[in-house]
Amino acid sequence: MNPVEEALKIKEQIISWRRDFHMYPELKYEEERTSKIVEEHLREWGYRVKRVGTGIIADIGEGEKTIALRADMDALPIQEENDVPYKSRIPGKMHACGHDAHTAMLLGAAKIIAEHAEEFNGRVRLIFQPAEEGGNGAVKMIEGGALEGVDAIFGFHVWIDLPSGIIGIQEGPFMAGAGIFSARITGRGGHGASPHQTVDPIPISAETILALQTIVSRNVSPIETGVVSVTAVHAGTAFNVIPEEVEMKGTIRFFKPEIGDLIQRRIREIFRGVAMAHGASYELSIEELVPPTINDAEMARFARRVAEKYGIRHGGVEPTMGAEDFAFYLQKVPGAFLTLGIRNEEKGIIHPHHHPRFDVDEDVLYLGTAMEVALALEFLR
Ligand SMILES: [Zn+2]
Ligand SMILES: [Zn+2]
């Protein structure tokens, strides 16, 4: 069986699935219609299906080894501005990240794998997950048993920064880890004309914000990457009143867990140190939302060998500071998060992910399917 030839045979089917999902986008944890369609097909093709909320874990085959392939199914709260026949029929909701394409590509792979089940020397597990967009659906799927018995996992994202039809493979850190922090600095309020009788939290917060900006510039090695952004500051209501407290929020991004730890430690030290210097108190909470997506080097090399064997064009892909909950699977099981280039300037497909005019070059989706089938076939040899 040649995965590329098989995928090419169902190229139009993959496109029509994608258009159907595109027309009826569903937000995180609301993927009822999408998952129902996926489940019906999988049952018809002989998969053993387990439900985890609006997510699906589906197995086929038996053997010593198990490979998992993952697609995400959720859309975004965006009003589509594309003028295409398959435009979103749901106001204010749109598949603007390409998860419709991911679901369609993996459905295509599911069909091919089922039709050639006897050629796969092991078990293939398909994970159709909800809520990648800020919902950490991956965590729910893992809690639901998605990784039990799994030896390797691969996921795909269509990628607007890569030319159409190229599989992007990056070893090591590929997408950033992300965290948020929120804080409250409490001083002692009073009259604006009598600052000496107060502990003014506003200059204390200003000093804190400036000090936070030294984490990336002075503490993180210049060779490494990190982001600390204070994105919200709220205090006071009047011209002549020194407020009691200042509230702040922000986000952090990092590629390496140790840089994430360093950033968090320095944030804590800065809040503590600046507050102490001025006699203020503070509350601080830092929450790590998503770890960095770190592709296993051996699995990335394996993917490259598979692409070469079947003549699938591939190349490197630049890491991004965006975050992806596929990282949770990679914390537990070796694997890689791969990309499929969908940028096609001639067709006007140039808008970034999460843009109201985002679209994908549908003519190459079969290559994602082919690569998924090929990864399973070769891993289970
Ligand atoms: Zn997205
Ligand atoms: Zn996405």
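Two residues are taken to be in contact here if their C-beta atoms, placed from the backbone, lie within 7 Å. With that in hand, let us walk through this predicted model, starting from a helix that shows the cut-off at work. Helix 6 (residues 201-219) lies across strand 8 (177-186), strand 10 and strand 12, and its direction makes about 170° with that of strand 10.

Those strands belong to an open sheet of four, ordered 10-12-8-13 and paired in the antiparallel sense. At its edges sit strand 10 (226-235) and strand 13 (281-290), each with a partner on one side only. Direction ignored, neighbours in this sheet are turned by 15° against each other on average. If you would like to trace one pairing by eye, follow strand 10 along strand 12 (residues 245-254), where nine bridges hold the antiparallel pair; along the way, valine 230 stands opposite glycine 250 in strand 12. Helix 7 (residues 257-278) also lies across this sheet, over strand 8, strand 10, strand 12 and strand 13, and runs at about 170° to strand 13.

How does this region fit into the whole chain? The domain assignment gives domain 1 as 3-174 + 292-379 and domain 2 as 177-290. The UniProt record, an unreviewed entry, annotates residues 182-272 as "domain: Peptidase M20 dimerisation". Over residues 182-272 the chain is 38% helix and 32% strand, with its end C-alpha atoms 14 Å apart.

Now turn to the other sheet. Eight strands form an open sheet in the order 1-2-4-3-5-16-6-15, with mixed pairing. Its edge strands are strand 1 (48-52) and strand 15 (314-315), each of which pairs on one side only.

Strand 4 is a good place to pause. Seven bridges join strand 4 (residues 123-129) to strand 3 (residues 66-72), and the two run parallel. Within that pair, arginine 70 has isoleucine 127 as its bridge partner, and alanine 71 stands opposite phenylalanine 128. Strand 2 pairs with strand 4 as well, in the antiparallel sense and over five bridges; here aspartate 59 has arginine 125 as its bridge partner.

Why is strand 4 described as largely enclosed by the rest of the structure? Seven of its seven residues are buried, so the rest of the structure largely encloses strand 4. Arg123, Arg125, Ile127 and Gln129 point one way from the strand, while Val124, Leu126 and Phe128 point the other way, and all are buried.

Helices pack on this sheet too. Helix 3 (residues 32-44) lies across strand 1, strand 2 (55-60) and strand 4, at about 10° to strand 2. Helix 8 (residues 297-309) touches strand 5 (152-163), strand 6 (167-168), strand 15 and strand 16 (335-343), and its direction makes about 50° with that of strand 16.

How do the two domains sit relative to each other? Their C-alpha centres lie 39 Å apart, and seven residues of domain 1 are in contact with nine residues of domain 2. On the domain 1 side, the touching residues divide into six nonpolar, no polar and one charged.

Finally, step back to the full chain. It has ten helices and 16 strands, and its C-alpha trace spans about 80 × 40 × 40 Å along the principal axes. Of its 381 residues, 49% count as buried. Among contacts between residues at least 6 apart in sequence, 80% join residues at least 24 apart.

Conventions
Residues numbered from 1 in each chain as written. Chains lettered and ligands numbered in written order. Predicted model: local features only at pLDDT ≥ 70, side-chain atom pairs only at ≥ 80, totals over all residues. UniProt positions renumbered as here; feature names shortened; annotations may be inferred. Pairing = 2+ DSSP bridges. Axes fitted to C-alpha atoms, helices over the stretch in contact; angles between N-to-C directions. Domains from an automatic or database assignment. Nonpolar A, V, L, I, M, F, W, Y, C, P; charged D, E, K, R; others polar. Buried ≥ 20, exposed ≤ 12 C-beta atoms within 10 Å, placed from the backbone.
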